[in-house]
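Student: I would like to learn how to read a model like this one, feature by feature. Where should we begin?

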Amino acid sequence: MKDLTPLYASLRCAYADLARRLSGEGCSCGPGALCCRQAAGEDLSDSLLFSLVRTADRVLDLGAGGGRDAFLTAVRVGPEGGVTGIDMTPEMVGLARENLESYRESEGRGPVEFLEGYLEELPLDNESADAAFADYVVNLTLDPSRVLLEAARVLRPGGRLILADLVPGDEFTRPPSREDHPFGKCLDTLLSRGEYLDALSSAGFGRVKVLSEEAPPDGDRLDAPWPSLLGECLDVPFRKLTILAKKPG
Ligand SMILES: C[S@@+](CC[C@H](N)C(=O)[O-])C[C@H]1O[C@@H](n2cnc3c(N)ncnc32)[C@H](O)[C@@H]1O
């Protein structure tokens with residue numbers, strides 16, 4: 001597989017900048033108010049995540065950032081389960097590991113670890129997880145179909161994938177790349193709603209269910225980098241989807 005690091009240079013720089021800011025250090029990628037939550041639009045709701053993850057599950061957090069979702073999930077899976085967060089940005093993995101020090105595996109919470117790696121080539125064994133989730137990350141990668149294939153590979157038969165993502169309507173016209181924006185290259189590989197659901201089926205997920213689908217964020221929230229880029233560049237509205245996909249058992 002080709003080396004992803006040069007392709008992800010500007011996005012990794014933007015996320016590294018955010019990680020440094022979150023840990024109180026200076027920035028190196030220049031000005032810009034990138035923030036994980038803002039970059040994504042909104043987080044996968046805790047109640048949804050909690051209803052889909054079970055006690056003793058081995059769970060993957062795909063694009064773990066500073067680890068918030070991973071720590072919340074560890075409460076649900078308990079000491080017999082575990083959570084592995086994967087992230088491509090070394091500074092984010094560093095931040096998540098720092099946060100791990102203040103997190104205590106006690107009071108029924110499960111073990112948590114963070115690994116550096118690309119979602120397109122997960123550093124994990126085949127069929128090693130019961131569930132995986134990605135919180136507004138897949139359609140922000142440079143190869144969403146490949147990410148879904150990798151998720152299918154590492155889930156055990158019967159495993160669950162829980163996704164939140166922003167997707168354009170099927171009739172969208174692909175806008176030109178935007179080299180001036182950290183998320184600009186993601187426009188080249190953005191999947192529409194139909195393409196996204198097809199990619200899940202092609203990756204081997206037998207049951208794919210859209211759990212919720214909402215209108216685009218209102219004007220107030222469009223100042224976040226990714227939704228604002230979508231709002232600016234797309235000729236059709238985009239939707240906020242949450243999806244549950246199951247690998248055949
Ligand atoms: C929206 S944040 C994740 C928020 C996180 N779930 C939390 O609890 O804070 C997105 C993260 O995904 C990571 N990321 C984006 N594309 C990636 C890829 N292709 N491979 C691995 N990590 C990726 C970024 O480095 C960033 O830390």
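Student: In which sense do strand 6 and strand 7 pair, and over how many bridges?

Tutor: In general, side chains in a regular strand alternate between the two faces of the sheet. Here, in a predicted model, strand 6 pairs with strand 7 (residues 238-246) in the antiparallel sense, over 7 bridges. As a point of register, Glu213 stands opposite Leu241 in strand 7.

Student: Is strand 6 largely in the open or enclosed?

Tutor: Count its buried residues. Strand 6 covers residues 207-214, and of these 8 residues the number buried is 0, so strand 6 lies largely in the open.

Student: How many residues of helix 4 are buried, and which are they?

Tutor: An α-helix has 3.6 residues a turn, so residues three or four places apart point the same way. In helix 4, 7 of the 10 residues are buried, so this helix is largely enclosed by the rest of the structure. The buried residues are Asp69, Ala70, Phe71, Thr73, Ala74, Arg76 and Val77. After helix 4 comes Gly78, with a positive phi near 75°.

Student: Which residues are closest to the ligand, and which elements contribute to its shell?

Tutor: The ligand is surrounded by 23 residues, and Gly63, Gly65, Arg68, Asp69 and Met88 are the closest. Two or more shell residues come from each of helix 2 (36-40) and helix 4 (68-77). Helix 2 gives the largest share, 3 residues. By character, the shell has 12 nonpolar, 5 polar and 6 charged residues.

Student: Where does pLDDT stay under 50?

Tutor: It does so over residues 30-42, for which the model has 29 contacts beyond four places in sequence. The average pLDDT of the chain is 87, and 89% of the residues score at least 70.

Student: How many residues has the largest nonpolar core, and which element gives the largest share of it?

Tutor: That core has 63 residues. Strand 5 (residues 155-168) supplies the largest share, 7 residues. The residues with the most contacts inside the core are Val59, Leu62, Ala132, Phe133, Ala151, Leu161 and Leu163. Take Ala151: leaving aside neighbours within four places in sequence, Ala151 is in contact with Leu62, Ala132 and Leu161.

Student: What does the chain look like as a whole?

Tutor: The chain has 8 helices and 7 strands. Of its 249 residues, 43% count as buried. Among contacts between residues at least 6 apart in sequence, 75% join residues at least 24 apart.

Notes
Residues are numbered from 1 along each chain as its sequence is written. This is a predicted model: local features need pLDDT of at least 70, side-chain atom pairs count only at pLDDT 80 or more; totals for chains, interfaces and linings use all residues. A residue is near a molecule or strand if its C-beta atom, placed from the backbone, lies within 6 Å of it. Helices (H or I, at least four residues) and strands (E, at least two) are DSSP runs, numbered from the N terminus. Ala, Val, Leu, Ile, Met, Phe, Trp, Tyr, Cys and Pro count as nonpolar, Asp, Glu, Lys and Arg as charged, and the others, Gly among them, as polar. A residue is buried if 20 or more other C-beta atoms lie within 10 Å of its own, exposed if 12 or fewer, and partly exposed in between; C-beta atoms are placed from the backbone. Two strands pair if DSSP finds at least two bridges between them. A nonpolar core is a set of buried Ala, Val, Leu, Ile, Met, Phe, Trp, Tyr and Cys residues joined through C-beta atoms within 7 Å. Two residues are in contact if their C-beta atoms, placed from the backbone, lie within 7 Å. pLDDT is the predictor's confidence in each residue, from 0 to 100.
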